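Reader: I am new to this structure and would like a close look at a single part of it. Please take one helix and connect it to what lies around it.

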Amino acid sequence: MKKKFLFVLNFALFFSIGFGTLTYAEYFGGKWHQRVVYYGVSYNVSSTYTTPIDNGLKAWNGLSNYISYKNFKDIGISQPVDVWVRSYTNELGLTAAEWAARGFYGFGVPSPDDTTGPYDWGNIYLIRANTDPLSSTNKKRVIMHEAGHVLGLAHTTKAFTSSVMDEGDIWGLDSPTTYDKNNIIGLY
Ligand SMILES: [Zn+2]
């Protein structure tokens, strides 16, 4: 398994980390204004991701009375999609091949401004050259991590805590930890 990664994130934070200029924070600085975030899966994501996507996003449910993810297809009426899970093409500056070569698995990007909110939409981009070879369980872990970013969580600052928002911990975790849950409850 590849060891070098930051499945991040927003650009500003990525480059800040790269240059060491930003103090890490638990939160990006914004959050969703509604109680339910509806997600959809883009046509360019293969069916091997269907279960990992559902499990990765819904792993965040039940942590707060305020925020939860629902697949828009589970709703019987037409429902606008807030967050798309999609295969990365060229949205964030580099090509998929270039991000893949840098060891990235994906990005979770709340919009329009991750640092202020409120969030109105978001995207989870998968770098499929790196995620396709993963087991179903590890695909889910990547998506769970990115889904945490979309809710407004940054990479955790606390190296001693177990967190799905810590790239060093994610491969051993199947759900958000107590630490992550408390961050969601605190935010929402
Ligand atoms: Zn990340």
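How many helices and how many strands are there in the chain, and where does helix H5 fit in?

Author: The model is a predicted one, in which local features are given where pLDDT (the predictor's confidence in each residue, from 0 to 100) is at least 70, side-chain atom pairs count only at pLDDT 80 or more, and totals for chains, interfaces and linings use all residues. Residues are numbered from 1 along each chain as its sequence is written.

The chain has six helices and five strands, where helices (H or I, at least four residues) and strands (E, at least two) are DSSP runs numbered from the N terminus. Along the sequence they follow the pattern α-β-α-β-β-α-β-β-α-α-α. The average pLDDT of the chain is 86, and 87% of the residues score at least 70, although over residues 1–24 the pLDDT is below 50.

The helix to look at closely is H5, which covers residues 136–150. H5 has 15 residues and reaches 21 Å from its first C-alpha to its last, close to the 21 Å expected at 1.5 Å a residue; the expected span is 1.5 Å times one less than the number of residues. Twelve of the 15 residues of H5 are buried, which leaves the helix mostly covered. A residue is called buried if 20 or more other C-beta atoms lie within 10 Å of its own, exposed if 12 or fewer, and partly exposed in between, with C-beta atoms placed from the backbone. The buried residues of H5 include Lys139, Arg141, His145 and Glu146, as well as Val142, Ile143, Ala147 and Val150. After the helix comes Gly152, whose phi is positive, near 115°. Most residues other than glycine have a negative phi.

H5 also takes part in the largest nonpolar core, a term for a set of buried Ala, Val, Leu, Ile, Met, Phe, Trp, Tyr and Cys residues joined through C-beta atoms within 7 Å. Of the 40 residues in this core, Leu57, Trp60, Ile124, Ile127, Ile143, Ala147 and Leu151 touch the most other members. The elements that give two or more residues to the core include strand E3 (83–87), strand E5 (121–126) and H5, and H5 gives the most, with five residues.

A link between the helix and the strands can be followed through Ile124. Leaving aside residues up to four places away in sequence, Ile124 touches Ile143, Glu146, Ala147 and Val150, among others, and also Val83 and Val85; here two residues are in contact if their C-beta atoms, placed from the backbone, lie within 7 Å. E3 and E5 run parallel and are joined by five bridges, with Gly122 in E5 as the bridge partner of Val83. E3 also pairs with E1 in the parallel sense, over three bridges, and two strands count as paired if DSSP finds at least two bridges between them.

Another neighbour of H5 is helix H6 (residues 178–187), in which Asp180, Asn183 and Ile184 are buried. Seen down the axis of H6, these buried residues fall within an arc of 95°, taken from the directions from the helix axis to the C-beta atoms, so they line one face of the helix. The buried residues of H6 pack against H5, whereas the face of H6 turned away from its buried side carries the exposed residues Thr178 and Gly186.
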